[in-house]
Amino acid sequence: MTTPQPILELTRGRVVESTHFGSIAVVDSTGQLLHFWGDPQTVAFLRSSAKPFQVLPFVERGGVEHFHFTQKELAISCASHETARMHLDTVRAMQARIGIQEERLQCGPHLPGDAAMLRAVIKQDIKPTSNFNNCSGKHTAMLAHAKMRGLPLENYLDHAHPIQQDILAVISEMCGIEKEKIELGIDGCSAPNFALPLVNSALGMARLCDPRGLSEVRTIACLKVTAAMTAHPEMVANHGEFDTELMKAGKGKIVTKRGAEGFQITGLMPCVYGERGVGITMKVVDGDPSHMNDELVSSARVRPAVMLEILRQLKALDEEQLKTLAAFGPSRQLKNYAGLLTGESRPVFDLFK
């Protein structure tokens with residue numbers, strides 16, 4: 001198969017009403033393509049799935065120790081948080097310690113995804129600021145990196161800025177692809193973003209989870225990032241969100257990070273599936289809408305279900321773990337607003353064919 005293939009379908013009665021297409025790559029830390037579906041060479045932007053890589057140069061240069069970042073603060077540096085109170089408080093504490101003002105962030109504001117904070121914004125007529133952006137942790141860490149090195153803060157997002165050049169170099173090295181072959185774009189938060197084949201981004205995540213063979217400095221940095229994300233998954237997204245709940249269920253053995261437009265990256269620690277670490281990337285062709293048939297749901301309808309089916313097929317999650325994540329899939333009954341059963345959502349791929 002060399003083109004995207006069906007990965008999830010939705011039924012109404014006995015009729016398949018919608019089909020989502022996509023591609024999947026499963027790669028170990030040696031670069032071996034273990035399994036795939038569709039086209040594993042699909043070039044896709046990592047979007048927010050790039051965040052664990054974007055913080056690596058800062059960690060490698062001793063930024064965590066320089067600013068005395070806690071694991072929670074490192075985790076939110078990799079986050080697409082939902083702007084719960086705990087997220088706002090954490091980012092503000094980081095900025096105070098770094099000695100920067102929120103106004104330095106160039107990500108722009110948006111409404112919070114956290115329901116309690118959204119109610120507070122509406123009731124109290126709060127005007128969201130840049131810290132409300134779900135990428136504010138990443139931007140705060142980038143500014144911390146620049147300040148630590150005495151680099152300009154006003155243009156920290158420019159492609160030519162040393163911070164962004166370091167990030168590009170790290171992604172190139174981790175993912176095993178020349179810098180010149182990485183397509184660059186501007187993310188929703190205004191930071192540079194990166195498009196590369198699924199096999200390469202999966203390799204990067206496999207190495208993040210299994211950095212053996214990398215330099216000592218990079219190995220330590222990778223271990224710090226994955227430890228922070230798995231120790232504090234609530235900082236990476238929010239309680240009840242897929243990334244958070246999957247990492248909680250994984251108990252330190254699974255790292256995952258969502259990206260916009262139907263991208264998801266997941267890493268398995270060594271010995272979860274084979275002796276090496278494993279990276280999994282997926283891209284949904286249509287970008288993954290957030291409505292599930294007649295039922296409005298808070299999270300995307302394709303990525304969580306497909307990723308859970310991948311992990312089920314790889315036997316990376318046991319039945320008890322899958323049970324705790326059943327609200328996300330892999331298969332789900334669909335009901336309308338009156339609670340009537342209308343159909344189901346179900347994955348339709350087999351990595352072992």
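Which residue in S6 is the bridge partner of Leu184? The tour below leads to that pair, Leu184 and Phe194.

**Before selecting anything**

The model is predicted; local features need pLDDT of at least 70, side-chain atom pairs count only at pLDDT 80 or more, and totals for chains, interfaces and linings use all residues. Residues are numbered from 1 along each chain as its sequence is written, and side-chain values use heavy atoms, with hydrogens and water left out.

**The whole chain**

Display the complete chain, which holds 14 helices and 13 strands. Helices (H or I, at least four residues) and strands (E, at least two) are DSSP runs, numbered from the N terminus. The chain is as compact as a globular protein of its length, because its radius of gyration of 20 Å is close to the 20 Å that the globule rule gives for 353 residues. That radius is taken over C-alpha atoms, and the rule is 2.2 Å times the number of residues to the power 0.38. Along its principal axes, the C-alpha trace spans about 65 × 55 × 35 Å. Of the 353 residues, 59% are buried; buried means under 20% relative accessible area, exposed over 50%, and partly exposed in between (1.4 Å probe, protein chains only).

**Strand S6 and its partners**

Select residues 192–197, strand S6, where six of six residues are buried. Next, add strand S5 (residues 183–186), which runs antiparallel to S6 and is joined to it by four bridges. Two strands pair if DSSP finds at least two bridges between them. Here Leu184 has Phe194 in S6 as its bridge partner. The hairpin of S5 and S6 has five residues between the strands, and Ser190 takes a positive phi near 85° there.

Then add strand S4 (residues 43–45), which is antiparallel to S6 and joined to it by three bridges. The S6 partner of Val43 is Pro197.

**Unusual backbone positions**

Most residues other than glycine have a negative phi, and most peptide bonds are trans. Three further stops may be examined with this in mind.

- Select Arg47, in the loop between S4 and helix H1 (51–54). Arg47 is not a glycine, yet its phi is positive, about 50°. Arg47 counts as partly exposed, at 22% relative accessibility.
- Select Thr83, in the loop between helix H4 (71–76) and helix H5 (85–98). Thr83 also has a positive phi, about 60°, although it is not a glycine. Thr83 is buried, with a relative accessible area of 0%.
- Select Pro330, in the loop between helix H14 (319–324) and strand S12 (332–335). A cis peptide bond, with omega about 10°, joins Gly329 to Pro330.
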